[in-house]
Amino acid sequence: TKWVYSFGAGRNEGRAEMRDLLGGKGANLAEMAAIGLPVPPGFTITTEVCAYYYAHGRRYPEDLRPQVEAALRRVEEAVGARFGDPAKPLLVSVRSGARVSMPGMMDTVLNLGLNDATVEGLARNSGDARFAWDSYRRFIQMYGSVVLGVEHHRFEEIIENVKLDRGVTEDTALGAQDWHRVVAGYKEMVEEVTGRPFPQDPEAQLWGAIGAVFGSWMNQRAITYRRLHDIPEEWGTAVNVQAMVFGNMGEDCATGVCFTRDPSTGENVFYGEYLINAQGEDVVAGIRTPQPILKARAKPGERSMEEAMPEAFAELMRVRETLERHYRDMQDIEFTVQRGRLYMLQTRNGKRTAAASLKIAVDMAREGLIDEREAVSRVNPAALDQLLHPTLDPKAPRKLLAKGLPASPGAACGVVVFSADEAEARAQKGESVILVRVETSPEDIHGMHAAKGILTTRGGMTSHAAVVARGMGRPCVAGAGGITVDYNAQTMMSGGQVVQAGETITLDGSTGEVFIGAVPMIEPQLSGDFATLMEWADRVRRLRVRANAETPTDAETARRFGAEGIGLCRTEHMFFDPGRIGAVRQMIMAESEGGRRDALARLLPFQRQDFVELFRIMAGLPVTIRLLDPPLHEFLPHGEHEIEEVAAALGTDVARMRRRLAELSEANPMLGHRGCRLGITFPEIYEMQARAIFEAAAQIGKETHKAPLPEIMIPLVATRRELEITRAIVDKAAQEVFAEQGYHVAYSVGTMIELPRAALTADAIAEAADFFSFGTNDLTQTTFGLSRDDAGKFLPLYVEKGILPKDPFVSLDVDGVGALVRMASGKGRGVKPDLKLGICGEHGGDPASIRFCEEAGLDYVSCSPYRVPVARLAAAQAAL
Ligand code: ADP
Ligand code: MG
Ligand code: MG
């Protein structure tokens, strides 16, 4: 088997398409080398080695070693240096690289190959002893902490001591001799901590680092990250070994990180940061303040790369062009300049905010780099969500605490917590939290995920917090240096103002501002690029998108977001209104049909008014109204005190009230007296609701000369007979109202398919139905035989252990519930080819479930109003 692929070293064995085998970093290094960009030579050990390693008790394949040696020889030839050769040593970096970039994996080790002998060679050849010894100490430090597990502070202490001794405060003030001393101290300390001397043999160093990369695939951080991002364990990571180039050999050297377009706004301007005379991750580590690449972005006192190294800058701009044309997407690139020469060390599709992803997709389509369909496929529907959420109301009063960098846009408000664990704990209790850290690291991922927003006091736009927050869609303010965080005291302070843990703050990730207290927010803008992309999506999609809405506000939001009707109006919500609940309770307490009818007569005008408003807003679009569904006891009082109050209000006594409560109580209400079972036992309830619907429809029809389109939906049907009986109630009410009003409205009557029996006998049921709407919330409960309210005790574990791939209440269980949906659709359409099919569970807004609905041939999905654009885009992508 071929386990090792060379790049740049006289041959390029990999390509960008080989990301599964070579990991993202390796595949793109090979691609860049292949298209002629300056990439230091190296090789990639494939992800298959990782799989082999774990399948064979952490051992490598037999023939790996000779392949690595051969590839290393090729790098030596290309560079003209030899691994471990004191006269002309080859130094390499060892870099992990999974298919998708993954924090939590082993950090890169630079300058590998240095030892007591080769450091002298490096000093001689570079003519810079300080540089050589500094490189050596960096290597021991990185290798020591990353591969040998020596704690960071052990290294820091040694540097601090040398600085103290020399009476200096800055690293830059230390010379070759000082770094020499640091190295001696490091080696001694490493031996003391690990019980072995620091490895001097470059071969041993190399295999140690390779082992550490593969080992890190199974560390806790990586496992957590994979779980949060649905990354399968089988993927494994690759290892990249690459000849070093040095950005820290003097003033004509630099290292930098940039995006080919602004990752925050998506604007088509080169965007990045660099540092002169620096190595590796100095730019992101926040030790020195990075400088801008572009002159136009430089603030007073800053020195842009454009000005400081015009030739390397010009070369970088050419590379930017080449990369965007080649990859046809915004790239996130890492580079180093060694003695004025530019080297590319990484490229990948850049992480971006939702706003940027939208703008870049639309811009690139307009620039002709991609077509409209491609643009539609580029925007992650789930990320759109971010754009649909409120921003701070510019007119609202606010009290500024501090300002940092606008690292990830959007506004967030919540209580301050200072640790990731605390963030997770409080979020689980339903609180909105803002995670405040000096800086974040991969260990904080779970807390960042749980938080509504993230605030750091250190680090730049490319810091860990910023990158991860943008990826997760969390608003983030980074590097708010004016704030001092005291973890012990659980406070933060800025300009004399103190904020304690648990107090509320508001972040504006688009401006970098942090406010004390809660600042009111406003609705998002839905014009411009957003509207354009939605238009393109609408051209592509087949599925219709409706909203679940019962209030006028929801209905208005739904329309604004482009809903093409209401797919689920739950009428019970309308009964909880304080003005009506009295009549509802009177109806339930009534012991005769007559008593119930009296109460229902009181409810009728309210219910009619609800529908009048909905029909008016929906202006002729279909409105699916579900008749009363929940068990009646849900409307009755439960607490002692409340029972007394209600009894008094209804003019009945407490004892009678209790008796009725006892009569209505059920062992398992979810499977009890609810849905059409209510309509069959108390036909007058459905009769009133149907009457309210038709009276409202007639009123709006007359008033607007545009007839509404009511679709009346019967819940929890298991047999055809149930539907026939309830349907007859509705049809009779319709005939009566139309006769009274002298006005006729077209309507349809259908059922929810939410019980397995309904799916199994869908052909029979279809004979009585004009449409089916899959109520996949209940269908999931009844198919799995599990109650959603009790699932919290085991479902998370099921997902964690891989027993279920995902929470079936979030993403439709295609194999089980999906099979029922397909069966019912097939049987239903077998009887009635034009039977209308929709879905109205939570799944209607989930992109993966929408893809299933497309494949299953449904007519529409219905989801919450805010998810409508997400569903429109997901439906388009499903149709592509
Ligand atoms: P990450 O995945 O965390 O970005 P990388 O493997 O990209 O880690 O390495 C981080 C940084 O280390 C790079 O951006 C680059 O600055 C530096 N680096 C890696 N390999 C080399 C190399 N061969 N020569 C010079 N610098 C390197
Ligand atoms: Mg890193
Ligand atoms: Mg990198």
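In which sense, left-handed or right-handed, does helix 5 pass helix 8?

1. This is a predicted model, in which local features need pLDDT of at least 70 and side-chain atom pairs count only at pLDDT 80 or more, while totals for chains, interfaces and linings use all residues. Residues are numbered from 1 along each chain as its sequence is written, and chains are lettered from A and ligands numbered from 1 in the order in which they are written.

2. The crossing of helix 5 with helix 8 is left-handed (the near helix is turned anticlockwise from the far one by less than a right angle). Helix 5 covers residues 129–147 and helix 8 residues 202–216, and they pack at about 45° with axes 10 Å apart (helices are DSSP runs of H or I, at least four residues, and strands runs of E, at least two, numbered from the N terminus; axes are lines fitted to C-alpha atoms over the stretch in contact, with angles from 0 to 180 degrees between N-to-C directions). The two helices are therefore oblique to each other (not under 35 degrees, over 145, or 65 to 115).

3. In this contact, Tyr-143, Val-146 and Val-147 of helix 5 meet Gln-205, Gly-208, Ala-209 and Ala-212 of helix 8 (C-beta atoms, placed from the backbone, lie within 7 Å).

4. Elsewhere, five strands form an open sheet in the order 10-9-8-11-12, with antiparallel pairing (DSSP finds at least two bridges between paired strands). Strand 10 (291–292) and strand 12 (341–349) are its edges, each pairing on one side only. Strand 8 (254–259) pairs with strand 11 (331–338) over six bridges in the antiparallel sense, and Val-257 stands opposite Glu-334 of strand 11.

Conventions
Contact = placed C-beta atoms within 7 Å.
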